[in-house]
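Got your viewer open? Let's take a short walk through this one, a stop at a time.

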Amino acid sequence: MKRFVVPLLLACLSLAGCAGNFGAYYRGMSSDDIKKDPAMIACEKPEVRQLPDEPEDKIINDMYARGYAVIGRSDWQGLGNDGDSEALAQAESLGACLVLWSAPYAHTESGTRREETVIPGRTYTTREKVTVKTSRGKETAWIKREVREPDTIVVEYVPYSDDYYNYQGIFFVRFKPGFFGIKSKKPDPELLRRLNAPSGAQVEAILEGGGADKMGLRPGDVILSVNDVPCQYDRHIESCNAHGGNTIRIYRDGAVLVKDFFMPAPGM
């Protein structure tokens, strides 16, 4: 469902560094969530860059390989009132390290818009002759009376043409990688059934210079076990490790491979 929004101008007038609709339509981790997660590294001075014209999964995986983890996103359709400053303000409020955003043209709406102009009625003072009773009998007196004429409402139908844009912003933080440095997803259940594997993790992205990168793992590999322990997802795979000599069992291109690796003990 498309959402059309009115710029949050009144809020921005009272707030320094207004995040605009990047804040209003943000979905994801809060600044408190990021602080509580030991694997997340918040930043005080985020970067703002243009969102590449590529599939979102590819963008997120490419950023993971460079040491960035996605924490949330903003998306809406509206007028072209938001830009780098609003994206930056939202990133700063989260403690994000990077925001990628874009706003490609969506469509134009045009027609006539009813506008009313109120012309206040004239206010003036008149003098009115009245007869009053006094101790001396009836006398004539003059009193002042304020008169206000009714307002006049002028109605006009004004032509308009509004351009709408599809806004999208993706927010990232730096992260503390485990030994392997991989981002994974659930593999095809049918593949696991054929391999008689209770679980597995399909590699989506690999951190440059991380353990999986040095081992020669590739995106698309399915990790079946580490040290003969079935593993299911990123952090679970890290927890399957034991210090010293280790083996990892993967499925690649129709074959099951076993790779040896060495994970140094803490402090080495």
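Start by selecting Cys43 and Cys97: their sulfur atoms sit 1.9 Å apart, and the two residues form a disulfide. Keep in mind as you look around that this is a predicted model. If the term is new to you, a disulfide is a covalent bond between the sulfur atoms of two cysteines. Searching the whole structure turns up one disulfide. Cys43 is in the loop between β3 (40–41) and β4 (47–50), while Cys97 is in the loop between α5 (84–94) and β6 (98–102), so the pair ties together parts that are 54 residues apart in sequence. Now look along the S-S bond of Cys43 and Cys97: the torsion about it is about 80°, so this disulfide is right-handed.

Next, switch on the surface and check each partner. Are these two cysteines buried or exposed? Cys43 is partly exposed, at a relative accessible area of 23%. Cys97, on the other hand, is buried, with just 4%.

Now jump to Ser74, which you'll find in strand β5 (residues 68–79). Ser74 is buried too, and its relative accessible area is 0%. What is in contact with Ser74, once you skip its neighbours within four places in sequence? Select Phe22, Tyr25, Tyr26, Tyr167, Gln168, Gly169 and Phe171 to see them. Zoom in on Phe22: its backbone oxygen lies 2.7 Å from a polar atom of the Ser74 side chain.

For the next stop, colour strand β12 (residues 201–206). Five of its six residues are buried, so β12 is largely enclosed by the rest of the structure. Add strand β11 (residues 182–185), and you'll see it run antiparallel to β12, with four bridges joining them. One place to look is Ile182, whose bridge partner in β12 is Ile206. Then bring in strand β13 (residues 222–226), which pairs with β12 in the antiparallel sense over two bridges. Here, Gln202 stands opposite Val222 in β13.

Finally, zoom out and show the whole protein chain as a cartoon. How many helices and strands are there in the chain? You should find eight helices and 16 strands. Of the chain's 268 residues, 35% count as buried. Put the surface back on and you are looking at about 16300 Å² of accessible area, 51% of it belonging to carbon and sulfur atoms. One last thing to try is drawing the contacts with a separation of 6 or more: 70% of those in the protein chain are between residues 24 or more positions apart.

How values were computed. Residues numbered from 1 in each chain as written. Heavy atoms only, no water. Disulfide = S-S within 2.5 Å. Buried < 20%, exposed > 50% of the residue type's maximum accessible area, 1.4 Å probe, protein only. Polar contact = N/O pair within 3.5 Å; in protein donor to acceptor, adjacent residues only side chain to side chain. Contact = heavy atoms within 4.5 Å. Areas by Shrake-Rupley, 256 points an atom, 1.4 Å probe, with all protein chains shown as cover. Pairing = 2+ DSSP bridges.
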